[in-house]
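Reader: Hey, I've just opened this one and I'm a bit lost. Can you walk me through it?

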Amino acid sequence: MRLSKKDKKEIQTLIYRYSGPRANIGYTFEPLRYGDTDEPKLEEIIFIYADDFDIVLSALKSKYPLDDPDTGETYEAFDPCWDNPIPESIWHEILTELDAWPAKEPELHIFIDSFIAWVRAHLKRANGIIVTGNL
């Protein structure tokens, strides 16, 4: 696992095994703050390539359908092409599952631990995390 950040003007990328082209399919994660109209700072966002996202994706998909507590809207399924606002309470369930994930490879264990640490740190100051796909 490595966290790449070449320039302060770029989004950090959390990488497990991905080694393809830099501009490729993946997901951004950013804090969800109800009532806040400001865009998150680039330092608050991470990107994970789709190839490295499988474990997190399976945990996310298992939580649908989801109701957005802010808008009341129901999301029937995870959308790889759009915003997926996921409330804090659901993230705690996801993190519990990821904590228990039987990662036998040291690199995978480090990747999962890094992701969990990022989410927990941002949930201290947010109502959830938005996952946005670029498919």
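Reader: Let's start with tyrosine 27. Which residue is its bridge partner in S8?

Author: That's glycine 133. Keep in mind that you're looking at a predicted model.

Reader: Okay, and what stands opposite tyrosine 27 in S4?

Author: Isoleucine 48. Tyrosine 27 belongs to strand S3, residues 26–32, and S4 covers residues 46–49.

Reader: How many bridges join S3 to S4, and which way do they run?

Author: Four bridges, and the two strands run antiparallel.

Reader: And how many bridges are there between S3 and S8?

Author: Six, with the strands again paired in the antiparallel sense. S8 spans residues 128–133. Besides the tyrosine 27 and glycine 133 pair, you'll find leucine 32 opposite glycine 128.

Reader: Is S3 mostly covered or exposed?

Author: Mostly covered: seven of its seven residues are buried.

Reader: What about S8, why is it described as largely enclosed?

Author: Because six of its six residues are buried, S8 is largely enclosed by the rest of the structure.

Reader: Which residues point which way from S8?

Author: Gly128, Ile130 and Thr132 point one way, while Ile129, Val131 and Gly133 point the other way. Both sets are buried.

Reader: Which strand pairs with S8 over five bridges?

Author: Strand S7, residues 83–87, in the antiparallel sense. One spot to look at is proline 85, which stands opposite isoleucine 130 in S8.

Reader: Switching to helices. At what angle do H1 and H2 pack?

Author: About 135 degrees, with their axes 10 Å apart. H1 is residues 54–61 and H2 is residues 88–99.

Reader: So what do you call that arrangement?

Author: Oblique: angles between 115 and 145 degrees fall outside the perpendicular and antiparallel ranges, so H1 and H2 count as oblique to each other.

Reader: Is the crossing left-handed or right-handed?

Author: H1 passes H2 in a right-handed crossing.

Reader: Which residues meet there?

Author: From H1 you've got Ile55, Val56, Ala59 and Leu60, and they meet Trp91, Ile94, Glu97 and Leu98 in H2.

Reader: How many of those are nonpolar, polar or charged?

Author: By class, the contact has seven nonpolar residues, no polar ones and one charged residue.

Conventions: Residues numbered from 1 in each chain as written. Predicted model: local features only at pLDDT ≥ 70, side-chain atom pairs only at ≥ 80, totals over all residues. Heavy atoms only, no water. Axes fitted to C-alpha atoms, helices over the stretch in contact; angles between N-to-C directions. Parallel < 35°, antiparallel > 145°, perpendicular 65-115°, else oblique. Left-handed = near helix turned anticlockwise from the far one by under 90°. Contact = heavy atoms within 4.5 Å. Nonpolar A, V, L, I, M, F, W, Y, C, P; charged D, E, K, R; others polar. Buried < 20%, exposed > 50% of the residue type's maximum accessible area, 1.4 Å probe, protein only. Pairing = 2+ DSSP bridges.
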